[in-house]
Amino acid sequence: MSESQNLIDKLLQLKPELTKDVIDQKISEKKEKIGSGYLTDEGAIFLIASDYNVKLDEISKTEISLKDLYAGAKEISLETRVLNFSPTKQFSRKDGSTFDLRTMTVYDSGSTASVKLWDEKANLPGIENLKPGDLIKIIKAYVKSDLDGSPTINIGSGSNIQTVETESQIPMIDKITKDVSELQEGQKDLVISGTIDGIISGMKFTNSRGQPGTALRMRLKGKDGSAMRVVLWGKDESLIPNMISQSANVKLLGVRVKSGNQGLEIHGNEATIIEIEGGKEAEPIIARILSMVTTESGKNMIIATDNQKNIYNINDFSNSTSICVEGDVIECMPSKVYGNSVTLDENSFVRKLDNDETIPSLSKIRTKISDVKVDETYCIESIVLKVPERKEIQTKSGESISLSEMFVEDDTGQIWVKGWRNQAKLIDKCELGEIISITGLNAKANNFGEGRIELFLTAHSKIIKKN
């Protein structure tokens, strides 16, 4: 008889009002809630027993695999590999005393699990030297249920972690890495790879508890050309190189896939490890200014292009470009270059150069509507076919944000142009029949599966009326 059947029989003896069909249904529900590959039938039965305040005897084996974990297991030992880990944090108890906690994610052949290291175990000798893919043995740990119901390994005073130098059937990191194009909603504890697609930016915010926070935002493109938004909570720009090319390879260790306002998104946290191809030192850029927008705070937001027709979004925090006008060719030494996003600060310099005919002007950089492709940046010239319309969109968080849209065309086709928040105001000023030039548009697929492409204004965009 299987171990799961033994446990079911014991549960039926202790709770005769249950039936095997009911237990089988609850096993399916537990496994579906926690996720395929994260819970065995045996582990699900222990969770069901706990729901009914019934204590089952533990599974006799102590050397187990991750998929065999169940809440309540004690003194378990297992061999696994490191996926990622967070820095140590200090927390306060209700009595005012403090304790240290570090979390780690580990994996074996087909499963992952969270590990919590408490107090002195959070700073075990050599733990800072552990790297993703390192083989370790967890000794005499205990298992508790996490907030989402999944079993979590706990390393307390009687537990330990040792590095292992032997051969193992557990795959290395490269073998479990997924391309962005392979991702599906609900996946977690992933190692993913892709290439930079557009801008990388930092964000500061205040959370619901009034605490300050940071995040890194970017887009990654998969092998099939599809792109996905990435948000890495608790990360900032100090963790990435200063110079990142527009097609740099990226690997993220310890992320999950969830549904966002604009489709599937990749989310990471403080434990996520970021590996980006790049360098410490930025390199000079020679480009022509196509458009320039000055914000209320006095910062210049510039769209520029180089002699390869690469389009850059330049953020000037130092007022270095105040000597320039649209059409000028400049040489700048940025402080940071993330994909096509360029940052100028007090450590940057800018100088005007003589006109260089090899660098195209705005008229030569414009794209016909029929040539627009998803996930690229464009400048277009078109005529407004429909009066702009303003909508108020309610987000999942309850926030109401403005969206304006207008329908435009050139001699090759028609397309919708849309703008959120402040960019909506730019569209509101346009009128039926006007010929307009727009710089810095991002092309995106329609969210409703209609197969059409739409253009969105960015913070760098500018609309110039031609008539």
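**Terms and values in a predicted model**

Reader: What makes strand S9 (residues 190-196) and strand S14 (residues 249-260) a pair?

Author: In this predicted model, six bridges join S9 to S14, and the two strands run antiparallel. Pairing requires at least two bridges, so the six between these strands meet the condition. As one example, Leu190 has Val255 in S14 as its bridge partner.

Reader: How do you know that S14 also pairs with strand S15 (residues 263-276)?

Author: Ten bridges join S14 to S15, again in an antiparallel arrangement. The cut-off is at least two bridges, and therefore S14 and S15 count as a pair. One of the partnerships links Gly260 with Gly263 in S15.

Reader: Why is Val387 called exposed?

Author: The relative accessibility of Val387 is 52%. Exposed means over 50%, so Val387 falls in that class. Val387 is located in the loop between strand S23 (377-384) and strand S24 (389-394).

Reader: Which residues does Val387 contact, leaving aside its neighbours within four places in sequence?

Author: With those neighbours set aside, Val387 is in contact with Glu405 and Leu432. Leu432 is 45 residues away from Val387 along the chain, yet their C-alpha atoms are separated by 5.1 Å.

Reader: What makes helix H3 (residues 41-51) mostly covered?

Author: Eight of the eleven residues of H3 are buried, including Phe46, Leu47 and Ile48. Each of these eight is called buried because its relative accessible area is under 20%. After H3 comes Asn53, which has a positive phi, near 55°.

Reader: Which residues have the most contacts inside the largest nonpolar core?

Author: They are Leu69, Met104, Ile138 and Ile153, in a core of 37 residues. Several elements each supply at least two residues of this core, among them helix H1 (3-14), helix H2 (20-34), H3 and strand S1 (76-85). H3 gives the most, with five residues.

Reader: Why might nonpolar side chains be found together in this way?

Author: In soluble globular proteins, nonpolar side chains tend to be buried together.

Reader: How do you know that Ile153 is in contact with Leu69 and Ile138?

Author: Contact requires heavy atoms within 4.5 Å, so each of these pairs satisfies that limit. Leaving aside neighbours within four places in sequence, the contacts of Ile153 also include Leu66, Leu78, Val115 and Tyr142. Apart from the largest core lies another, of 23 residues, among them Ile244, Ala248, Val255 and Ile276.

Note on methods:
Residues numbered from 1 in each chain as written. Predicted model: local features only at pLDDT ≥ 70, side-chain atom pairs only at ≥ 80, totals over all residues. Heavy atoms only, no water. Buried < 20%, exposed > 50% of the residue type's maximum accessible area, 1.4 Å probe, protein only. Helix = DSSP H or I, 4+ residues; strand = E, 2+ residues; numbered from the N terminus. Core = buried A, V, L, I, M, F, W, Y, C linked by side-chain atoms within 4.5 Å.
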